[in-house]
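This report describes the surroundings of two bound ligands and the packing of two helices. Please look at the sequence and the model below before reading on.

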Amino acid sequence: MNTLSTLQHQVSLKTSNTFGIDAIADDFVLLETLTQIEDLYRAWKSSTVAKARLFLGGGSNLILSDRISALVVKVALKGRQIVAQTNDHTIVAAAAGENWHEFVQWTISRGLGGLENLSLIPGTVGAAPIQNIGAYGRELKDFFYRLTAFDFETGEFRQFSKEECRFAYRDSIFKPASGKRFLITEVQFALPRVWKPEISYGDVAQLLQKQRGDQFTPQDVSDVICEIRQSKLPDPKQIGNAGSFFKNPVVSRERRDQIVQAYPLCVSYPVEGEHFKLAAGWLIEQCGWKGKSLERVGVFEKQALVLVNRGGATGKDVRELAAQIQADVAQKFSVSLDVEPVFI
Ligand code: FAD
Ligand code: EPU
């Protein structure tokens with residue numbers, strides 16, 4: 001099918017973003033096959049569609065403005081397969097439009113452990129490398145092998161190795177504006193043939209022990225993580241949200257010691273290079289924001305790091321609340337909070 005035959009104008013994105021913002025896209029296409037990309041590229045080059053682009057997955061890490069003056073490309077490429085076996089790893093591939101959680105469950109059902117800690121993260125496989133998704137002691141980069149992307153600057157497909165993606169905490173070369181030229185089409189993972197569980201985060205080990213004893217499988221770890229996540233995070237189908245709204249700030253040992261001296265209950269974790277991650281949810285809670293609202297946007301009652309749509313929120317409402325929280329945290333702790341989702 002010609003991609004442009006699916007081209008629509010003035011399309012509401014309300015059900016295409018988990019925050020539930022009623023944004024209108026100037027141009028919108030659904031991308032279901034790789035061959036459609038060439039048509040799309042030609043249309044984009046010849047300016048028959050809006051020049052700005054937004055590649056859209058599940059919309060779970062986006063805060064949209066009311067009007068999106070862009071060509072929105074909803075990535076719906078499907079397919080997943082085992083592509084190779086090496087001595088130590090099984091290489092699996094998934095197309096960008098596959099649902100992330102379903103892909104994780106598919107790997108587990110084939111006896112392949114590794115991705116279980118990343119269960120139930122909303123969104124698509126293609127968006128997962130953008131901010132190097134992470135949870136419960138694992139990040140995508142721990143199992144990433146390579147990806148394929150179409151470059152809208154050169155009009156060609158290219159592959160990226162792990163090093164080329166420059167993964168970091170909630171970051172990669174694809175996250176800043178300079179990385180937005182690449183439409184990711186497929187991601188490959190190298191899953192270890194010998195499974196090494198990672199259960200050191202929070203309550204994971206304790207819950208596993210209680211429910212399964214000492215013998216457990218990747219599916220058991222996945223189930224426990226799903227249970228913990230469901231008890232803490234709002235389900236976007238019920239309450240609009242984009243997951244953690246700020247990154248956990250990373251500070252020097254000296255700065256962390258000063259804060260802990262003044263606030264002994266401050267939650268922090270050591271990370272590489274003699275630095276510490278502070279729990280942003282704790283900092284925000286101490287500023288009195290947990291459960292509070294500003295107009296149509298609020299701070300989730302059970303997790304202060306999550307901003308929620310109280311009904312009819314706009315991108316502007318979200319920016320205003322985020323700015324107030326950032327100002328309060330900066331004033332009380334002299335720590336600056338960086339926003340995690342992408343503002344469009
Ligand atoms: P979208 O929101 O559609 O897009 C996000 C960014 O990726 C945009 O810049 C978009 O342009 C770009 N993009 C999307 N698809 C492509 C593509 N194919 N090629 C190029 N660019 C693309 N994140 C975590 O890391 N850990 C968590 O534990 C976590 N928990 C969450 C819990 C909840 C309840 C919610 C709502 C979100 C959570 N998130 C978490 C954030 C979010 O799920 C991830 O960032 C996810 O990878 C976003 O996927 P998506 O398909 O929805 O991307
Ligand atoms: N905390 C509070 N008050 C709060 C929230 C948290 O004191 O309101 C404290 C908790 O008690 C705990 C600590 O902060 O001691 C950490 O809380 P939690 O385990 O819920 O994790 P988080 O740091 O808030 C991060 C990620 C999540 C990821 C979880 C689990 C970031 C920005 N967020 O949240 O990722 O799922 O850890 O690994 O790193 C996301 O990126 O969207 C996301 C949800």
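In this predicted model, a backbone N or O atom of glycine 134 lies 2.7 Å from a nitrogen atom of ligand 1, a polar contact in the sense of a pair of N or O atoms within 3.5 Å. The protein covers 96% of the 990 Å² of accessible area that ligand 1 has on its own, where accessible areas come from the Shrake-Rupley method with a 1.4 Å probe. The table sets this contact beside others made by the two ligands.

| Ligand atom | Protein partner | Distance |
|---|---|---|
| Ligand 1, nitrogen | Glycine 134, backbone N or O | 2.7 Å |
| Ligand 1, oxygen | Phenylalanine 55, polar backbone atom | 2.6 Å |
| Ligand 1, oxygen | Proline 122, backbone N or O | 2.9 Å |
| Ligand 2, oxygen | Tyrosine 169, side-chain N or O | 2.7 Å |
| Ligand 2, oxygen | Arginine 229, polar side-chain atom | 3.5 Å |
| Ligand 2, nitrogen | Glutamate 285, polar side-chain atom | 2.7 Å |

Ligand 1 is surrounded by 36 residues, of which Phe55, Gly58, Ser60, Thr124 and Gly134 are the closest; a residue is counted if one of its heavy atoms lies within 4 Å. By class, this shell has 20 nonpolar, 13 polar and three charged residues, with Gly placed among the polar ones and Tyr among the nonpolar ones. At least two shell residues come from each of the strands β3 (53-56), β8 (134-135), β12 (182-192) and β13 (241-244), strands being DSSP runs (E) of at least two residues and helices runs (H or I) of at least four.

Around ligand 2 there are 23 residues, and Tyr136, Tyr169, Tyr201, Glu285 and Glu340 come nearest. Its shell has eleven nonpolar, five polar and seven charged residues. The elements α5, β13 and α7 (280-286) each supply at least two of these residues, and α7 gives the most, with three.

Helix α5 (residues 218-232) also packs in a pair with helix α2 (residues 100-109), their axes coming within 10 Å and crossing at roughly 155°. The two helices are therefore roughly antiparallel to each other, a label for angles over 145 degrees on a scale from 0 to 180 degrees between N-to-C directions.

Residues are numbered from 1 along each chain as its sequence is written, while chains are lettered from A and ligands numbered from 1 in the order in which they are written. Local features need pLDDT of at least 70 and side-chain atom pairs count only at pLDDT 80 or more, whereas totals for chains, interfaces and linings use all residues, and side-chain values use heavy atoms, with hydrogens and water left out.

How values were computed: Polar contact = N/O pair within 3.5 Å; in protein donor to acceptor, adjacent residues only side chain to side chain. Parallel < 35°, antiparallel > 145°, perpendicular 65-115°, else oblique.
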